[in-house]
Amino acid sequence: MIPVNTPAFKGNEKKYLIECIDTGWVSSDGPFVKKFEGSFADYVDRTFGVAVCNGTAAIDVAVRSLNLKPGDEIILPTFTIISCVLEIVRSGIKPVFVDSNLENWNLDVNELRQKITSKTKAILIVHTYSFPCDMDPILEIAKENKLWVIEDSAEMHGQDYKGKKCGSFGDISTFSFYPHKHITTGEGGMILTNNEELNDRCRSLRNLCFNNKRRFVHEELGFNYRMSNLQAAVGLAQLEYLDKTVERKREIGNMYRSLLKTSDNYSILPDKLNYAMNIYWVFGILLNSKQGKDAYMIMEELAKEGIGTRPFFYPLHKQPALASHIDVSQTYDNAETLSKYGFYVPSGLGISNEEVKITANHLNNILTK
Ligand SMILES: Cc1ncc(COP(=O)(O)O)c(C=O)c1O
């Protein structure tokens with residue numbers, strides 16, 4: 001079986017973990033947490049970093065830090081992971097969805113503009129799979145309408161938009177360090193901002209809103225979303241060679257591009273757009289609906305050949321868990337197409353060139369028959 005993802009640990013991970021054990025610093029008070037926060041913020045060219053226990057927690061805290069009220073609206077893509085909408089719904093904020101475009105699978109900027117109302121307070125954008133969102137028009141819309149921008153960069157470690165790092169655009173940005181990400185800490189996440197007030201607020205929310213005056217007195221309900229020193233040790237080690245990781249991911253992506261036969265049965269995203277290179281966080285395949293099979297049928301055929309795959313996201317507007325919170329009558333055609341016909345193939349850092357070739361061969365056999 002070639003798994004859809006195998007992580008790789010190629011730097012100081014073991015050395016730093018042993019340091020944690022030897023010094024006894026394993027909790028979130030340990031020194032690697034601050035080092036990782038500072039180094040990651042520097043890498044993305046931001047002032048503050050707040051490490052948390054996963055990418056979902058990072059979004060929860062980022063949303064809560066903006067102090068929005070029930071009835072306020074946040075616009076976000078429907079084609080994303082449920083993590084993006086959880087705290088929005090829990091806080092009584094109204095999620096307003098926008099469709100994706102099929103050129104880069106990110107949100108449709110024109111539709112975003114049309115969805116703004118007097119209640120809109122923030123835009124939550126998600127850089128999805130390969131390319132960043134087109135940030136210039138998004139930032140312009142946000143500025144014109146005085147909206148916060150939350151930038152979910154979970155999948156874009158090391159990616160640039162017009163030469164500037166993803167995660168440096170939002171008022172507040174979030175990352176995940178789950179094992180299929182370019183940096184993994186097993187589970188983990190990070191919030192970045194240049195805004196001191198947001199930084200202070202996120203730090204407090206992450207740590208149960210402990211009060212400086214009297215310990216164990218809490219004036220607000222926070223979260224325990226702290227990252228441990230053990231996780232931060234691994235994250236810091238991985239950050240030290242992130243640029244090499246990005247290079248390897250692009251090498252894997254380009255191997256697939258050169259090995260796959262072109263066919264009307266499916267499409268893949270290009271190697272570059274005018275504003276960014278493909279980072280190949282995952283190598284996504286979008287089937288042409290006219291070829292008669294959906295993603296699950298092809299994924300089953302690949303599984304029989306020992307190739308692991310994952311389906312694309314399931315759109316938020318169709319999520320059963322959200323049915324009582326959203327307008328379910330709306331349809332979003334491109335998000336539904338992506339969800340029904342999209343899947344991705346093995347491309348984790350632990351994959352060998354031979355495994356890429358084997359996968360590409362099976363894809364060619366199955367997709368072009
Ligand atoms: C775009 C995006 N946002 C948020 C998350 C959530 O991150 P985590 O799994 O660390 O909670 C993910 C996870 O894959 C993601 O892809």
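Here a biologist and a modeller talk through some helix packing, a ligand site and one loop residue in a predicted model.

Biologist: Let's start with helices α1 and α8. Why is α1 called roughly antiparallel to α8?

Modeller: Look at the angle. The axes of α1 (residues 13–23) and α8 (residues 229–239) cross at roughly 155°. Angles over 145 degrees count as roughly antiparallel, so α1 is roughly antiparallel to α8. The two axes also come within 8 Å, and the crossing is right-handed.

Biologist: Which residues of α1 and α8 meet?

Modeller: From α1 you have Glu13, Tyr16, Leu17, Cys20 and Ile21. They meet Asn229, Leu230, Ala233, Val234, Leu236, Ala237 and Gln238 of α8. By class, that contact has nine nonpolar residues, two polar and one charged.

Biologist: And α10 with α12? What makes α10 oblique to α12?

Modeller: Again it's the angle. Helix α10 (residues 295–304) packs on α12 at about 130°. Roughly antiparallel needs over 145 degrees, and roughly perpendicular runs from 65 to 115. The value of about 130° fits neither range, so α10 is oblique to α12. Their axes are 10 Å apart, and this crossing is right-handed.

Biologist: Which residues make that contact?

Modeller: Ile298, Glu301 and Leu302 in α10 meet His362, Leu363, Ile366 and Leu367 in α12. Five of the residues in this contact are nonpolar, one is polar and one is charged.

Biologist: Helix α12 packs with α9 as well. What are the angle and the distance there?

Modeller: Helix α9 (residues 242–259) and α12 (residues 353–367) pack at about 35°, with axes 9 Å apart. Their crossing is right-handed. On the α9 side the contact uses Arg248, Ile252, Met255, Tyr256 and Leu259. On the α12 side it uses Asn353, Val356, Lys357, Thr359, Ala360, Leu363 and Asn364. That gives seven nonpolar, three polar and two charged residues.

Biologist: Now the ligand. Which residues come nearest?

Modeller: There are 14 residues around the ligand, and Gly55, Thr56, Asp152, Glu155 and Lys181 come nearest.

Biologist: How do you know that Thr56 makes a polar contact with the ligand?

Modeller: A polar side-chain atom of Thr56 is 2.5 Å from a ligand oxygen. The cut-off for a pair of N or O atoms is 3.5 Å, so the Thr56 pair counts as a polar contact. Asp152 has a side-chain N or O atom 2.6 Å from a nitrogen of the ligand. Lys181 puts a polar side-chain atom 2.7 Å from a ligand oxygen.

Biologist: Last one: where is Ser263?

Modeller: Ser263 sits in the loop between α9 and β10 (266–267). Its side chain reaches the backbone nitrogen of Asn265 at 2.9 Å.

Biologist: What does Ser263 touch, leaving out residues up to four places away in sequence?

Modeller: Ser263 touches Leu367 and Thr368. Leu367 also takes part in the contact of α12 with α10.

Biologist: And how far is Ser263 from Ala41?

Modeller: Their C-alpha atoms are separated by 42 Å, and the two residues are 222 residues apart along the chain.

Conventions:
Residues numbered from 1 in each chain as written. Predicted model: local features only at pLDDT ≥ 70, side-chain atom pairs only at ≥ 80, totals over all residues. Heavy atoms only, no water. Axes fitted to C-alpha atoms, helices over the stretch in contact; angles between N-to-C directions. Helix = DSSP H or I, 4+ residues; strand = E, 2+ residues; numbered from the N terminus. Parallel < 35°, antiparallel > 145°, perpendicular 65-115°, else oblique. Left-handed = near helix turned anticlockwise from the far one by under 90°. Contact = heavy atoms within 4.5 Å. Nonpolar A, V, L, I, M, F, W, Y, C, P; charged D, E, K, R; others polar. Near = heavy atom within 4 Å. Polar contact = N/O pair within 3.5 Å; in protein donor to acceptor, adjacent residues only side chain to side chain.
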